[in-house]
Amino acid sequence: MTELQPAENLYDYPHYYDLVYGSDWKAEFEFLLHCFEQHALCMVSRVFEPACGTGRLLFRLAKKGYQVSGLDLSKSAVAFCNRRLARSGTSEQVFVGNMCDFQLDHEVEAAFNMINSFRHLDSEQAARDHLRCVAATLASGGIYVLGLHLSPAEGTTTDGESWSARRGHLCVNSSLHCIDRDLEQRVERYRMTYDVYTPTRNFQLVDEVAFRTYTAAQMAELIASVKDFAVVETYDFSYGVDQPIEIDERTEDVVYVLRKK
Ligand SMILES: C[S@@+](CC[C@H](N)C(=O)[O-])C[C@H]1O[C@@H](n2cnc3c(N)ncnc32)[C@H](O)[C@@H]1O
């Protein structure tokens, strides 16, 4: 029988998060390398990930020789990330912090935030503060690669996704389903679950997460309000480096490449 466990915050279960999402990294990783090469006007050697979670991309960048840094609100995710960075042989560490209020003690040439974490910021002010903090940390000509789902003005909106992963005797099925969308208030609430199977126990962890919504126009207005950034290219979540996209009313997933002026 499956036990039901309401979870305070599913991001505080980094082992399960990383099992499910950590295996999905290659396309994003190669895409990031391309963006560093193609869009930054300076040589990228230092990279930063706000809301880094378990650092599934960061530790691979560290192994490739980049100097990495990051922050996340979740203490458990930060601890998980730091243990793995140490195992990868890097002395760099990420820290617990809020992505709309931080300062690094060094500049970086690139920052990235790939899968909607930015939309956890629940107000225009917080989103603007975040972009300003990232801009302040970037060297001139450096880039911020920012991936998120927009609310399309036409066509259908994706309401949920499911993933599954197994390692040894541990199997985790994860799902994210929209339970409420209010485009006036600009908030979507999602039910997020992990179904965890071990040889001795099956249980389900349940949480709710909120995302701020953005139409293409709202996102354009936000970016324009942060004078330090210019959009230099846009892609989608297929990460096709030769297939930049033009955002229109139907666009849902988009990766903005912002460059610091
Ligand atoms: C979907 S996970 C993404 C993790 C990682 N970036 C990745 O690509 O796997 C979202 C992360 O955002 C973090 N988060 C949410 N709000 C935050 C905030 N205001 N400041 C820092 N981290 C935040 C959560 O703790 C969680 O680890």
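**Arginine 186 and its hairpin**

I began with arginine 186, which is partly exposed, with 18 other C-beta atoms within 10 Å. The model is a predicted one, and I read each entry below with that in mind. I placed arginine 186 in the loop between S8 and S9, and I noted that its phi is near 60°, a positive value in a residue other than glycine. Most residues other than glycine have a negative phi, which is what made me stop at this loop. The hairpin of S8 and S9 has four residues between the strands.

I then followed the strands on either side of that loop. Strand S8 (residues 170-182) pairs with S9 in the antiparallel sense over eleven bridges, and in S9 I found tyrosine 190 as the bridge partner of cysteine 178.

**From S9 on to S10**

Which way do S9 and S10 run relative to each other, parallel or antiparallel? I found that strand S9 (residues 187-197) and S10 run antiparallel and are joined by eleven bridges. These two strands form a hairpin as well, with four residues between them. For the register I looked up two pairs: arginine 191 stands opposite glutamate 208 in S10, and methionine 192 stands opposite aspartate 207 in S10.

**The seven-stranded sheet**

I next traced an open sheet of seven strands, whose order I wrote down as S4-S3-S2-S5-S6-S12-S11, with mixed pairing. Its edge strands are strand S4 (95-96) and S11, each of which pairs on one side only. Within this sheet I checked S2 against strand S3 (residues 67-72), and they pair in the parallel sense over five bridges; the bridge partner of arginine 46 in S3 is glutamine 67.

**The loop after S2: alanine 51 and glycine 55**

Two residues of the loop between S2 and H3 seemed worth an entry each. Alanine 51 lies in this loop, and its phi is near 60°, again a positive value in a residue other than glycine. Is alanine 51 buried or exposed? It has 23 C-beta neighbours inside 10 Å, so alanine 51 counts as buried.

Glycine 55 has its place in the loop between S2 and helix H3 (58-63). I counted glycine 55 as buried because 27 other C-beta atoms lie within 10 Å. Leaving out residues up to four places away in sequence, I listed Gly70, Cys81, Arg84, Leu85 and Val94 as the residues that glycine 55 touches. As a long-range check I looked up glutamate 154, which is 99 residues from glycine 55 along the chain, and their C-alpha atoms are separated by 35 Å.

**Surroundings of the ligand**

I looked up which residues surround the ligand and found 20, the closest being Tyr11, Ala51, Gly53, Met99 and His120. Alanine 51, the loop residue with the positive phi, is thus back in my notes as one of the closest to the ligand. By class, I recorded the shell as twelve nonpolar, five polar and three charged residues.

**Helix H4**

Helix H4 (residues 75-87) has 13 residues and reaches 18 Å from its first C-alpha to its last, close to the 18 Å expected at 1.5 Å a residue. The buried residues I noted in H4 are Ala77, Val78, Phe80, Cys81, Arg84 and Leu85. Seen down the axis of H4, these fall within an arc of 160°, so they line one face of the helix. Among them, Cys81, Arg84 and Leu85 are also contacts of glycine 55. The buried residues of H4 pack against helix H1 (14-21), H3, S3 and S4, whereas on the other side of H4 I found Lys75 and Arg87 exposed. Just after H4, glycine 89 takes a positive phi of about 90°.

**Helix H5**

Helix H5 (residues 124-137) has 14 residues, and its reach from first C-alpha to last is 20 Å, close to the 20 Å expected at 1.5 Å a residue. Which residues of H5 are buried? I listed Ala127, His130, Leu131, Cys133, Val134 and Thr137. They cover an arc of only 160° around the axis, which puts them on the same side of H5. An α-helix has 3.6 residues a turn, so residues three or four places apart point the same way. For what covers the buried residues of H5, I noted several elements, including strand S2 (46-50), strand S5 (108-113), strand S6 (138-149), strand S10 (202-212), helix H6 (216-225) and strand S11 (229-235).

Definitions and conventions. Residues are numbered from 1 along each chain as its sequence is written. This is a predicted model: local features need pLDDT of at least 70, side-chain atom pairs count only at pLDDT 80 or more; totals for chains, interfaces and linings use all residues. The expected span of a helix is 1.5 Å times one less than its number of residues. A residue is buried if 20 or more other C-beta atoms lie within 10 Å of its own, exposed if 12 or fewer, and partly exposed in between; C-beta atoms are placed from the backbone. The arc is that of the directions from the helix axis to the C-beta atoms. Two residues are in contact if their C-beta atoms, placed from the backbone, lie within 7 Å. A residue is near a molecule or strand if its C-beta atom, placed from the backbone, lies within 6 Å of it. Ala, Val, Leu, Ile, Met, Phe, Trp, Tyr, Cys and Pro count as nonpolar, Asp, Glu, Lys and Arg as charged, and the others, Gly among them, as polar. Two strands pair if DSSP finds at least two bridges between them.
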